[in-house]
Amino acid sequence: MTKEQLKKYSREKSSIKLLTDELEQMCGETVHDYGYDYTKGFKHIIHLEGFNQKLYNQRLARLSEIKKRVEKTERWIESLEDDRLRFVIRSRYSEDRSWKWIAKKLSSVSEDYVRIMIHDKYFERNKNNSENSVYSENSDYNNNGEVD
């Protein structure tokens, strides 16, 4: 897992909310139109109602994909052994907290210490494991390189 992938995870968490709202709105949305019926030999106005099922299914499929990636990333975050690192990553990417807020919660440490010594140091040590990520092509692998 890389910082960029965690940033994508953070963006996708907000996309879930937007897509869910859009799908809820689409459920109550029926398209109304009027057409003409000539089957009886003269022009007869008819009322047409419809729902854009194709668009709804596309949005639903996208929501499902995003939720799967988000759930895998959340499992990865929870699998981190170091309590402080797990707290920092969850706070920063899942809860969208500032470095200052995280440092205050960890008590008596500076923002720079949290960002550089805990966060950045972890990602520098684990650069080799970044290809075994939820957002890479090898997404069936966990953070130990084993198949899920």
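The following questions and answers go through the fold, a helix pair, the salt bridges and a surface patch of this predicted model.

Me: In what pattern do the helices and strands of the protein chain follow one another along the sequence?
Reply: In this predicted model, the secondary structure of the protein chain comes to five helices and two strands. Read along the sequence, these elements follow the pattern α-β-β-α-α-α-α.

Me: What percentage of the contacts in the protein chain between residues at least 6 apart in sequence join residues at least 24 apart?
Reply: The protein chain has 148 residues, of which 27% are buried, and it exposes about 10,300 Å², with carbon and sulfur atoms supplying 47% of that area. Among its contacts between residues at least 6 apart in sequence, the share that joins residues at least 24 apart is 53%.

Me: Are helices H1 and H3 parallel, perpendicular or oblique to each other?
Reply: Two packed helices are described by the angle between their axes and the distance between the axes. The axes of H1 (residues 3-27) and H3 (residues 83-94) come within 9 Å and cross at roughly 50°. The contact is made by Lys3, Leu6, Lys7, Tyr9, Ser10 and Lys13 on the H1 side and by Ile89, Tyr93 and Ser94 on the H3 side. Since angles under 35 degrees count as roughly parallel and those from 65 to 115 as roughly perpendicular, the crossing of H1 and H3 is therefore described as oblique.

Me: How many residues apart in sequence are the parts that the salt bridge between Lys13 and Glu74 ties together?
Reply: Lys13 forms a salt bridge with Glu74, and the closest N and O atoms of the pair are 3.6 Å apart. Lys13 is partly exposed at a relative accessible area of 27%, and Glu74 is partly exposed as well, at 29%. Because Lys13 lies in helix H1 and Glu74 in helix H2 (residues 53-79), the pair ties together parts whose separation in sequence is 61 residues.

Me: About how many helical turns separate Lys17 and Asp21?
Reply: The side chains of Lys17 and Asp21 meet in a salt bridge, with an N to O distance of 3.2 Å. Lys17 counts as exposed at 53% relative accessibility, whereas Asp21 counts as partly exposed at 34%. Because Lys17 and Asp21 are four residues apart in helix H1, their separation is about one helical turn.

Me: Which helices does the salt bridge between Glu22 and Arg59 tie together?
Reply: The side chains of Glu22 and Arg59 meet in a salt bridge at 2.8 Å, N to O, and the structure holds nine salt bridges. Glu22 counts as partly exposed at 28% relative accessibility, and Arg59 is partly exposed with a relative accessible area of 26%. The pair bridges parts that are 37 residues apart in sequence, because Glu22 and Arg59 lie, respectively, in helices H1 and H2.

Me: Is Ile45, a member of a nonpolar surface patch, buried or exposed?
Reply: Tyr34, Tyr36, Tyr38 and Ile45 form a nonpolar patch on the surface, and together these residues have about 530 Å² of accessible area. Ile45 lies in strand E2, which covers residues 44-50. Because a relative accessible area over 50% counts as exposed and Ile45 has 53%, Ile45 is exposed.

How values were computed: Residues numbered from 1 in each chain as written. Predicted model: local features only at pLDDT ≥ 70, side-chain atom pairs only at ≥ 80, totals over all residues. Heavy atoms only, no water. Patch = residues over 30% accessible without salt bridge, like charges linked within 9 Å, V, L, I, M, F, W, Y side chains within 5 Å. Areas by Shrake-Rupley, 256 points an atom, 1.4 Å probe, with all protein chains shown as cover. Salt bridge = Lys/Arg side-chain N within 4 Å of Asp/Glu carboxyl O. Buried < 20%, exposed > 50% of the residue type's maximum accessible area, 1.4 Å probe, protein only. Axes fitted to C-alpha atoms, helices over the stretch in contact; angles between N-to-C directions. Parallel < 35°, antiparallel > 145°, perpendicular 65-115°, else oblique. Contact = heavy atoms within 4.5 Å.
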